[in-house]
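I set out to look up the lining of the largest pocket and the elements that contribute to it. My entries follow.

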Amino acid sequence: MAANLVNGNTATGSPNPSGSTTPVTPVPDSVFDDSVVSHRFAGHIGFLTKAQTEAFEAFKELLVQEGLYRPSVLSEDGKSVVEPASHDDPTVLRFLRARSFQPPEALAQFKRAEEWRKEQDVDNLFATGFTAEELETARRFYPRWTGRRDKQGLPLYVYRIAALESMQKELDAVPSKRRYQRIVILYEMMVRFMFGLCSHLPHPTSPHPISCTTNIIDLGDASFTSMFRLRGHFQEASRLATPYYPETLGTIIVVNAPSYFPTIWSWIKGWFDEGTRRKIHVLGKDAAPTLTELIHAKDLPKIYGGELEWTFFDQPNLDEDAKAVLPDGFPEGVASFKDGNVIRPGESQ
């Protein structure tokens, strides 16, 4: 049972200021139908229309003119890359897709993001700013990768909100600047490692890259008081994603939504742009039948009706394809993944 929070396909509910209706009793929508799933990659590399392709090329030209992008340099015979582009195509395209393929608007957002990266010294933060121990500590407070992927090959993340209740004081003790940096480094790990790895692994749309995630947000056993206290924590992470890591969120599935969920939605709906709000779906208590339309049972944690041995504080439980690529397991600490290789900061490919 799924209810979309934006398209109005809900049961009895009350209008909110945005003009949509907040669901009280979720009802089915079409997000998991084959006809919809087949369009999940619309606007992605390998699935661009002629007009979108032209907009993509125009956007790159604008970025070059502004000194924000350097195209790749090919060998004389054009068969190999001598120097890679300053930004890979999936990254560039995410900004354009976020702005409905309008190059001028995408240029403005891309420019702001590049300025922000310099202000936050993101590349150096990624290279030297975190020990493996602190990175693992940070992961406990945010969505965690299960080590598995959905049926389309997107990395499956889970965020069990009730798990944070016992760690509220620990979270509050982290200075605000460092807490912000932790969010940044986790987003960087997602785009540099998880997307690279999942693009490399077999998936239905291969060889086209993976550049977004599937997310289960579990509200089971989370008290209203805890949700209220943690709202600033959630807002901080959400608001960072929209301007600086656009279009990295694919399907967002809320499970075990409590009776007070309409109140929560009234807090959080403004944190997301309309495109992201359209990706948020609410499931009833018996989530497994719907989730397994999107995720193979073997890759879905048992707590949600699947077969996977994995709980929120576990390390990623890699599937066989991932184990073959990562024989030593999921790497500790900061790392990127490119062309089949784990790359540590400072290492050349």
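I looked first for the element that gives the most to the lining of the largest pocket, and found H8, with seven residues. I note that this is a predicted model.

I then looked up the pocket itself. The space in the largest pocket comes to about 1,500 Å³. Its lining is made up of 44 residues, and the closest to the centre are His-87, Asp-88, Thr-91, Arg-192 and Lys-338. Two or more lining residues come from each of helix H3 (89-98), helix H4 (103-120), helix H5 (122-128), helix H8 (176-200) and strand E11 (336-338).

By residue class, I recorded 20 nonpolar, 11 polar and 13 charged residues in the lining. I also checked the domains: because domain 1 (42-118) and domain 2 (122-322) both give residues to the lining, the largest pocket lies between them.

I returned to H8 to examine its geometry. At 1.5 Å a residue, its 25 residues should span 36 Å, and I found the end C-alpha atoms 36 Å apart, which agrees. I nevertheless recorded a bend of about 30° in H8 at Met-190. As to burial, H8 is mostly covered, with 18 of its 25 residues buried.

My last entry concerns Ala-108, which lies in helix H4. Is Ala-108 buried or exposed? Its relative accessibility is 33%, so I entered Ala-108 as partly exposed, since that class lies between the limits of 20% and 50%. I also looked up its separation from Phe-95: the two residues are 13 apart in sequence, and their C-alpha atoms are 9.6 Å apart in space.

Definitions and conventions: Residues are numbered from 1 along each chain as its sequence is written. This is a predicted model: local features need pLDDT of at least 70, side-chain atom pairs count only at pLDDT 80 or more; totals for chains, interfaces and linings use all residues. Side-chain values use heavy atoms; hydrogens and water are left out. On a 1 Å grid over the protein atoms alone, a cavity is a set of points where a 1.4 Å probe fits but cannot get out, and a pocket is an open set with protein on both sides within 12 Å along at least five of seven lines; lining residues have an atom within 4 Å of a point. Grid points are joined across faces, edges and corners, and a volume is the space filled by probe spheres set on the points. Helices (H or I, at least four residues) and strands (E, at least two) are DSSP runs, numbered from the N terminus. Ala, Val, Leu, Ile, Met, Phe, Trp, Tyr, Cys and Pro count as nonpolar, Asp, Glu, Lys and Arg as charged, and the others, Gly among them, as polar. Domain bounds come from an automatic or database domain assignment. The expected span of a helix is 1.5 Å times one less than its number of residues. The bend at a residue is the angle between axes fitted to the seven residues ending there and the seven starting there. Buried means under 20% relative accessible area, exposed over 50%, partly exposed in between (1.4 Å probe, protein chains only).
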